[in-house]
Amino acid sequence: MPRPIPVPDADSAPFWAACREHRLTAQQCTTCGRRRWPPAEVCPHCRKLGATWVDVRGTGTITSFVVQHQAMHPAFSDAVPYTIAFVSLDEAPEDLLLLSNVIDIPWEDVRVGMRVEVAFDDSTEGVSLPLFRPMPRERL
Ligand SMILES: [Zn+2]
């Protein structure tokens with residue numbers, strides 16, 4: 001059974017298109033200049049319309065996480081246990097908080113405060129998923 005994949009909408013389509021090029025991007029408000037996540041038409045900070053897309057490095061810090069032990073969808077039965085984390089991106093730690101998976105590390109070793117970097121998963125047809133892995137100095 002194939003895994004469900006993100007379905008881009010008008011607001012998120014540029015984000016997913018950039019992921020296909022292995023670029024992580026975020027909206028930046030043209031009025032107040034703050035970055036925002038998730039993609040939206042209206043700025044959550046100043047309530048104005050208008051944004052540009054800017055690249056971000058894809059480095060950040062795990063601020064919280066859970067370990068999923070039970071497959072809530074049959075397509076994930078071979079994936080459990082896996083880690084779901086909030087990653088606060090370096091460019092705007094309070095505004096760019098992405099929810100994703102942590103890979104390349106046993107779930108027992110994931111911790112809050114761990115430095116991570118984006119890694120694009122191209123294993124699913126039609127989408128590149130931005131996942132996060134420990135930065136090299138975090139690896140043993
Ligand atoms: Zn704004």
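In which loop is Pro38 found? Pro38 sits in the loop between E2 and E3. The peptide bond that leads into Pro38 from Trp37 is cis, with omega near 0°. This report describes a predicted model, and the backbone details of its loops are taken up again after the overall fold.

## Overall fold

The protein chain contains one helix and eight strands. In sequence order the pattern is α-β-β-β-β-β-β-β-β. The radius of gyration is 16 Å, close to the 14 Å that the globule rule gives for 140 residues, so the protein chain is as compact as a globular protein of that length. The C-alpha trace spans about 45 × 35 × 25 Å along its principal axes.

Of the 140 residues, 21% count as buried. Taking contacts between residues at least 6 apart in sequence, 53% join residues at least 24 apart.

## The three-stranded sheet

One open sheet has three strands in the order E2-E1-E3, and its pairing is antiparallel. Strand E2 (35-36) and strand E3 (51-56) are the edge strands, each pairing on one side only. E1 and E3 run antiparallel and are joined by six bridges. For Gln27, the bridge partner in E3 is Trp53.

The loop between E2 and E3, which holds Pro38, is also the place of Arg47.

## Strand E5 and its partners

Strand E5 pairs with E4 and with E6. Strand E4 (residues 59-68) and E5 are antiparallel, with eight bridges between them. Within that pairing, Thr61 has Ser88 of E5 as its bridge partner. The pairing of E5 with strand E6 (residues 97-102) is also antiparallel and extends over six bridges. Here Phe86 has Leu99 of E6 as its bridge partner.

In a regular strand the side chains alternate between the two faces of the sheet. The side chains of E5 do alternate: Thr83, Ala85, Val87 and Leu89 point to one face and are buried. Tyr82, Ile84, Phe86 and Ser88 point to the other face and are not buried. The bridge partners Ser88 and Phe86 are thus named among the residues of that second face.

Thr83 can be followed in detail. This residue lies in strand E5. Why does Thr83 count as buried? Thr83 has 21 C-beta neighbours inside 10 Å, and therefore counts as buried; the cut-off for that class is 20 or more. Leaving out residues up to four places away in sequence, Thr83 touches Phe65, Val67, Asn101, Val102, Trp107 and Val110. Thr83 and Ala119 are 36 residues apart in sequence, and their C-alpha atoms are 15 Å apart in space.

## The nonpolar core

The largest nonpolar core has 13 residues, of which Val56, Ile62, Ala85, Val87, Val102, Val116 and Phe132 touch the most other members. Strand E1 (24-29), strand E5 (82-89) and strand E7 (115-121) each supply at least two residues of this core. E5 gives the most, with three residues.

Val87 is on the buried face of E5. Neighbours within four places in sequence aside, Val87 is in contact with Gly60, Thr61, Ile62, Leu98, Ser100, Val116 and Phe132. Among these contacts, Ile62, Val116 and Phe132 are also listed with Val87 as core residues that touch the most other members.

## Backbone exceptions in the loops

Most residues other than glycine have a negative phi, and most peptide bonds are trans. The table lists exceptions to both.

| Site | Feature | Value | Loop |
|---|---|---|---|
| Trp37 to Pro38 | cis peptide bond | omega near 0° | Pro38: between E2 and E3 |
| Val80 to Pro81 | cis peptide bond | omega about -5° | Pro81: between E4 and E5 |
| Arg47 | positive phi | phi near 65° | between E2 and E3 |
| Asp104 | positive phi | phi about 65° | between E6 and E7 |

Neither Arg47 nor Asp104 is a glycine. Are these residues buried or exposed? Arg47 has 10 other C-beta atoms within 10 Å and is therefore exposed. Asp104 has 12 other C-beta atoms within 10 Å, so it is exposed as well. The cut-off for exposed is 12 or fewer.

Conventions
Residues are numbered from 1 along each chain as its sequence is written. This is a predicted model: local features need pLDDT of at least 70, side-chain atom pairs count only at pLDDT 80 or more; totals for chains, interfaces and linings use all residues. Helices (H or I, at least four residues) and strands (E, at least two) are DSSP runs, numbered from the N terminus. The radius of gyration is taken over C-alpha atoms; the globule rule is 2.2 Å times the number of residues to the power 0.38. Two residues are in contact if their C-beta atoms, placed from the backbone, lie within 7 Å. A nonpolar core is a set of buried Ala, Val, Leu, Ile, Met, Phe, Trp, Tyr and Cys residues joined through C-beta atoms within 7 Å. Two strands pair if DSSP finds at least two bridges between them.
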